[in-house]
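User: Please take a close look at one part of this model. I would like to know how it is put together and what lies against it, and then how the rest compares with it.

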Amino acid sequence: MKKLTKKINILFITVMVITLTGLLITALGYHNIQQEALKMGKTQLAQVNEVSTKLIVAEIESSANDLDSFILDTIETDSPLQLPQQNNLISQFFKRNSAFAGIFLFDRNGQQLESHFPTENHVENNELTQKLTIDPIFAMALKGRAKQNGKVYFIQKNSFFNLYHPIYNNKKEIQGLAVVPLNLEQLFLDKIQPTDTEQRYPLMKNEQMEVVMHPAKEQIGLNIITGRKKRFPQLDYTDLEKLDHYQKQHEKGSLSYHSYWWNESDLTSVLKLNAFQWVEIGEERFVVANTSDFYQDNGWILHDLLINLGLVVILLMVTSLLVLLVRLNARQQQTVNENQRLKEKRQLEAEKHQLEKSLLQESKMETIGLVTTGIVHDMNNFLTPLIGNIELLMAEHPNDAELLADLEDMHLAAQKGQQLSQRILHFSKEQDQTKKVQSLNQAVKEAVAIMKILIPRTVTINEEITLLADALFQQDDVQVLLYNLITNAYQAKSDATITVSLTTPSADVHQQVAQRAFVYQNKKLAMIQVSDNGPGIDQSIKDQIFTPFLTTRKEEGGTGLGLFIVSSIIKRNSWLLDVASSQQGTSFSLFIPIAENEEA
């Protein structure tokens, strides 16, 4: 009994010593862990701030691009200087971005010609009109030397800067200036402000350290030191002044400091983390910063440490079991990871093999094309003297009716063979890749004529061309596009009936296209449609048909590149494509803007 009691006492003392040692180590490590948490928090916040900076720059550039597109699409350079007279166009422009506070038009001397506003707030609109031209960049913008936007100014707890778009005449001379005041605070609230927490948010300041973007609107326009001291003179600004000085001396960085949450009614000092970087937007420099509450984001780490102090004994007792479980789990996870790695490796090898097969098939097709071109070229050379000799025989025997009839049949057959070879050579040779205004219906007719020669005899191609129009495109884009669509149609059904049409889209269709693409709203469009009576597209792959190397006809030698090439041509030319498919057939509708001389 005494031996058992002694062992228990020794065990108790050992456990107490280990427990006290654990408590001491935990207490000593608390500070180091807190510092590590600060370092980790700064790193994470710096990454978040980089994303926020890119987002802010992207949203401002997108707003500037909206202005550029609107002016280029609605103002004619050879017409009197004025904004579009249709109210719906200006209304749609404001609806695209709620941060657009108005649009102004000035002549090259700075005389205001027009102004439009999205709301009837006369006080704000009057202030905008007054402050618009005070921007020191305004004079540069009138000469076409401004970078996108001017300096920041403030109206009624809102921050603005002017987006500029110079307007040139046909001689590349400044004709006027379009100006849109961009409400930066509204842009922040609509596009940038996060919603996950009230104690973590981005903000932006100008070079004078005046707040330009902030979740609390009452902070807009305040200098982060002098402005806040006027409103809250009783608070301690020591750390905030250090932050201000540090940001002015460095292009980017992160640090911790004590400050307040300015959007709360009860201002209490908290430990904050701040990551910032300077960025140049147009003619203005800004500092974009992200601020977070250290204890809110990392308090769970410290809270866990305090709980661990009371659980050290229990953790020591189950350590052995946990180590064993962790080892077993690690081995199991290692096995799972290895199996997953092998699966991914096999999948990559299969994809590589498929890609090699596709590339090999493409190489074979290219070789066949070269050989075919050579054969056709030689055939054309053979036919040229044959036609010449037949014509000589016809000239020598004009009175032999029977012989003359036979010679005419031979002459007609040889000419058809020569025309066939010339069409194939014309289709295969490399074309000029420069875009130019040319006949759209002529390009469609030539493509259909060539395809009628190349397709199987069981396939029927019908031609419906009711529109005569010119468009801006590369010479062979339409032919390659129609070649792939027609090939895709007859490969789906060996006895397919294919209809190729060139028409003017109906008013309803034109309206749907204009809703998808704003730039097409005032454009005349041509519609090229390729329809077939095949089995239609499988619904399971309908959203993937433009993916490269996706094919349902591997056994027949399909490469899966036809519709991918079609998609690439569409994107390169900024055209639009609609696909409609059912069990009765598939229809591809291509919309191409008609050239301006055709619109006139």
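Analyst:
**A helix and its sheet**

Helix α5, residues 184–192, lies across β4 and β5 and runs at about 55 degrees to β5. The model is a predicted one, and what follows describes its geometry.

The sheet to which β4 and β5 belong is open and has 5 strands, in the order β2-β1-β5-β4-β3, with antiparallel pairing. At its edges stand β2 (112–116) and β3 (153–155), each of which pairs on one side only. From one strand to the next the twist averages 30 degrees. A further helix, α3 (residues 122–132), packs on this sheet and touches β1 (103–107), β2, β3, β4 and β5 (174–183). The direction of α3 makes about 160 degrees with that of β3.

Consider β1. All 5 of its 5 residues are buried, and the strand is mostly covered. In a regular strand, side chains alternate between the two faces of the sheet. In β1, Ile-103, Leu-105 and Asp-107 point one way, while Phe-104 and Phe-106 point the other way. Each of these residues is buried, including the acidic Asp-107.

β1 has partners on both sides. With β2 it pairs in the antiparallel sense over 4 bridges, and Ile-103 has His-116 of β2 as its bridge partner. These two strands also form a hairpin with 4 residues between them. In the turn, Gly-110 has a positive phi of about 90 degrees. On the other side, 4 bridges join β1 to β5, again running antiparallel; here Asp-107 stands opposite Gly-176 in β5.

At the far edge, β3 is joined to β4 (residues 158–168) by 3 bridges, and the two run antiparallel. One bridge pair there is Ile-155 with Asn-158 of β4.

The loop that leads into β3 is tied to another part of the chain. Glu-284 forms a salt bridge with Lys-151, with the closest N and O atoms 3.6 Å apart. The pair links distant parts of the chain: Glu-284 is in strand β10 (residues 284–293) and Lys-151 is in the loop between α4 (138–142) and β3, 133 residues apart. The two partners differ in cover: Glu-284 is buried at a relative accessible area of 3%, whereas Lys-151, at 25%, is partly exposed.

For comparison, a second open sheet also has 5 strands, in the order β12-β14-β15-β17-β16, but its pairing is mixed. β12 (460–465) and β16 stand at the edges with a single partner strand each, so one side of each has no neighbour in the sheet. The twist in this sheet averages 10 degrees from one strand to the next. Helix α11 (residues 477–492) lies across β12, β14 (497–503), β15 and β17, at about 150 degrees to β14.

In this second sheet, β17 (residues 585–593) has 8 of its 9 residues buried, so the strand is largely enclosed by the rest of the structure. β17 pairs with β15 (residues 525–531) in the antiparallel sense over 7 bridges. The contacts between these strands include Val-530 with Phe-588 as bridge partner, and Gln-529 stands opposite Ser-589. Towards the edge, 7 bridges join β17 to β16 (residues 576–582), which also runs antiparallel to it. β16 and β17 form a hairpin with 2 residues between them, and Ser-582 stands opposite Gly-585.

Elsewhere, the model counts 11 salt bridges. Side chains of opposite charge can pair when their charged atoms come close. One such pair is Arg-96 with Asp-66, whose closest N and O atoms are 3.1 Å apart. Arg-96 is in helix α2 (residues 87–96) and Asp-66 in helix α1 (residues 2–74), so the pair ties together parts that are 30 residues apart in sequence. Arg-96 is partly exposed at 41% relative accessible area, while Asp-66 is buried at 15%.

Another pair stays inside a single helix: Lys-248 and Asp-244 meet in a salt bridge of 3.2 Å, N to O. Both lie in helix α7 (residues 238–249), 4 residues apart, which is about one turn of the helix. Asp-244 is buried, with a relative accessible area of 10%. Glu-207, Glu-251 and Arg-285 are linked in a network of salt bridges.

On the surface, Ile-453, Leu-454 and Tyr-483 form a nonpolar patch with about 220 Å² of accessible area together. Ile-453 belongs to helix α10 (residues 440–454) and is partly exposed at 31%.

Notes:
Residues are numbered from 1 along each chain as its sequence is written. This is a predicted model: local features need pLDDT of at least 70, side-chain atom pairs count only at pLDDT 80 or more; totals for chains, interfaces and linings use all residues. Side-chain values use heavy atoms; hydrogens and water are left out. Two strands pair if DSSP finds at least two bridges between them. Axes are lines fitted to C-alpha atoms, for helices over the stretch in contact, and angles run from 0 to 180 degrees between N-to-C directions. Contact means heavy atoms within 4.5 Å. Patches are made of residues with over 30% relative accessible area and no salt bridge: like charges are joined within 9 Å, nonpolar side chains (Val, Leu, Ile, Met, Phe, Trp, Tyr) within 5 Å. Accessible areas come from the Shrake-Rupley method with a 1.4 Å probe; for residues, only the protein chains shown count as cover. A salt bridge is a side-chain nitrogen of Lys or Arg within 4 Å of a carboxyl oxygen of Asp or Glu. Buried means under 20% relative accessible area, exposed over 50%, partly exposed in between (1.4 Å probe, protein chains only).
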